[in-house]
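Subject: Structure handover and findings

Dear colleague,

I am handing over the structure that follows, together with an account of what was found in it. Please read the text alongside the coordinates.

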Amino acid sequence: MHLRRSGLMAALMAAAGLLVPMAARAQYATTAPDFTKLGFPNVVASANIAAGASGSVQYGPITVNVPQGALPDAVRFELLEAPTSSFQAKAPKGETVVADFALRIVDQTTGLLVPTLLKPATFTLTSSSVNSASVYDNVTTTGQIVPNAVPATITGDVLAHPVPAALAGWVVLSPKTAPAATGAPDFTQHGFSSVVATTNLGAGAAGTLHYGPITVAIPAGTFPAAVKFELLTAAPASIQVPAGQSLVSALAFKVVDTATGQLITKFTKPIQVTVQSPAVTSGSTGFSVGANGSLTASSGTSVSGHTVTRSISNASSGFAVTRPASTVAGATTPSTGGSYCSITSSVLLSLV
């Protein structure tokens, strides 16, 4: 979406954050503009930061963290804002200004404005308005919105960007029409609220998760990008099994692309799920669990002795294992504990 702006005002990009800072107070190559007089009149947060120390300012969904060694002199570090409506008329067509800010860094000894940092600060915005198509752009001293040369890092609803200087203001823009959904339901919002096992996998890496009687084997090459893989479990009462059946285990997956924050729907290779428990019998059945809670018999389930196996190639449904209710005489209900309860509590597996 923003390729149309990628070649604009390269010189301003350098002035807005890519100048190399000097080490001493008197050696700054330029003076800093006072953005309280250039469109960002409100000082919404401030902090006194000692020479060489780290610090941060925070206001609402915005946080700016200053690393140790970024400022060689003691300063008052101010976070500035303006009403987002001030910049909306200047935003590219089809985009909404969801946040804006500028910095005012005042040397406590001289009272002069500090233009650059020896190490970049980090701006973070956490907002439901952030999505994979959001961008971080500069605001010039004349109030124009122009591209920033460095792409923002976006993970879910969190956008982050380095801030190496106080020579521009900034806005975060999101398209008025959000990008199309990936099609993968978030099963933490559909009955599988407990995250019982998690692993972070590099691009193409293999992995294994264990929880109670459940083992999830992820072969190498399943995910071409780095992901966070979560194993989820549901409360037994939330799974409505067919009449004459008792629940053995119910699970789901939540797989998140760590670079984009998007939920992943399809797997390049099937994941192998194993449920091994004394409660599994020859009459056990596997079901796909829809986001609406519906159960559909799964033809891909294999039962051998006390072990159920299933290959799962997408994240569009959960998975439940049942047994005939009459198979185990006198078995306790899931709410009373005992061996059956320990099995149901290990439910997890979101994909068929």
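How many bridges join strand 15 to strand 16, and in which direction do the two strands run relative to each other? Strand 15, residues 227-233, and strand 16, residues 245-257, are joined by 7 bridges and run antiparallel. Please keep in mind throughout that this is a predicted model. Within this pairing, Phe229 has Val255 of strand 16 standing opposite.

Both strands belong to an open sheet of 6 strands, which are ordered 12-15-16-22-18-19 and paired in antiparallel fashion. Strand 12 (194-201) and strand 19 (295-297) stand at the edges of this sheet with a single partner strand each, so that one side of each remains without a neighbour in the sheet. Ignoring direction, neighbouring strands here are turned by 25° against each other on average. As general background, the strands of a sheet pair through backbone hydrogen bonds, whether parallel or antiparallel.

Another open sheet, also described by 6 strands and antiparallel pairing, follows the order 1-4-5-11-7-8. Its edge strands are strand 1 (42-49) and strand 8 (145-147), each of which pairs on one side only. The average turn between neighbouring strands of this sheet is 30°, again with direction ignored. At one end of the order, strand 7 and strand 8 run antiparallel and are joined by 3 bridges, and Val139 stands opposite Ile145 in strand 8.

Turning to the aromatic side chains, the count comes to 11 aromatic pairs. One of these is formed by Phe101 and Tyr136, a tilted pair with 6.4 Å from centre to centre and 55° between the planes. Because Phe101 lies in strand 5 (residues 95-107) and Tyr136 in strand 7 (residues 135-139), this pair ties together parts that are 35 residues apart in sequence. Phe101 is buried, with a relative accessible area of 1%, and Tyr136 is likewise buried, with a value of 3%.

Tyr136 also takes part in a pair with Phe123, which counts as tilted because the ring centres are 5.6 Å apart and the planes stand at 50°. Here the tie is between parts 13 residues apart in sequence, since Phe123 lies in strand 6 (residues 116-126) and Tyr136 in strand 7. Phe123 is buried as well, at 0% relative accessibility. Taken together, ring pairs link Phe101, Phe123, Tyr136 and Trp170 into a cluster.

Two of these aromatic residues reappear in the largest nonpolar core, which has 30 residues and in which Val64, Leu71, Phe77, Phe101 and Phe123 touch the most other members. Several strands each supply at least two residues of this core, among them strand 3 (62-66), strand 4 (75-81), strand 10 (158-165) and strand 11 (169-175). For Phe77, if its neighbours within four places in sequence are left aside, the residues in contact include Ala45, Ile49, Val57, Val64, Leu71, Leu103 and Ile105, and also Arg104. A second core, separate from this one, contains 26 residues, including Leu209, Leu231, Phe253 and Ile271. In general terms, nonpolar side chains tend to be buried together in soluble globular proteins.

With best regards

Methods
Residues are numbered from 1 along each chain as its sequence is written. This is a predicted model: local features need pLDDT of at least 70, side-chain atom pairs count only at pLDDT 80 or more; totals for chains, interfaces and linings use all residues. Side-chain values use heavy atoms; hydrogens and water are left out. Two strands pair if DSSP finds at least two bridges between them. Helices (H or I, at least four residues) and strands (E, at least two) are DSSP runs, numbered from the N terminus. Axes are lines fitted to C-alpha atoms, for helices over the stretch in contact, and angles run from 0 to 180 degrees between N-to-C directions. Rings of Phe, Tyr and Trp (its six-membered ring) pair if their centres lie within 6.5 Å; planes under 30 degrees apart count as stacked, over 60 as edge-to-face and the rest as tilted. Buried means under 20% relative accessible area, exposed over 50%, partly exposed in between (1.4 Å probe, protein chains only). A nonpolar core is a set of buried Ala, Val, Leu, Ile, Met, Phe, Trp, Tyr and Cys residues joined through side-chain atoms within 4.5 Å. Contact means heavy atoms within 4.5 Å.
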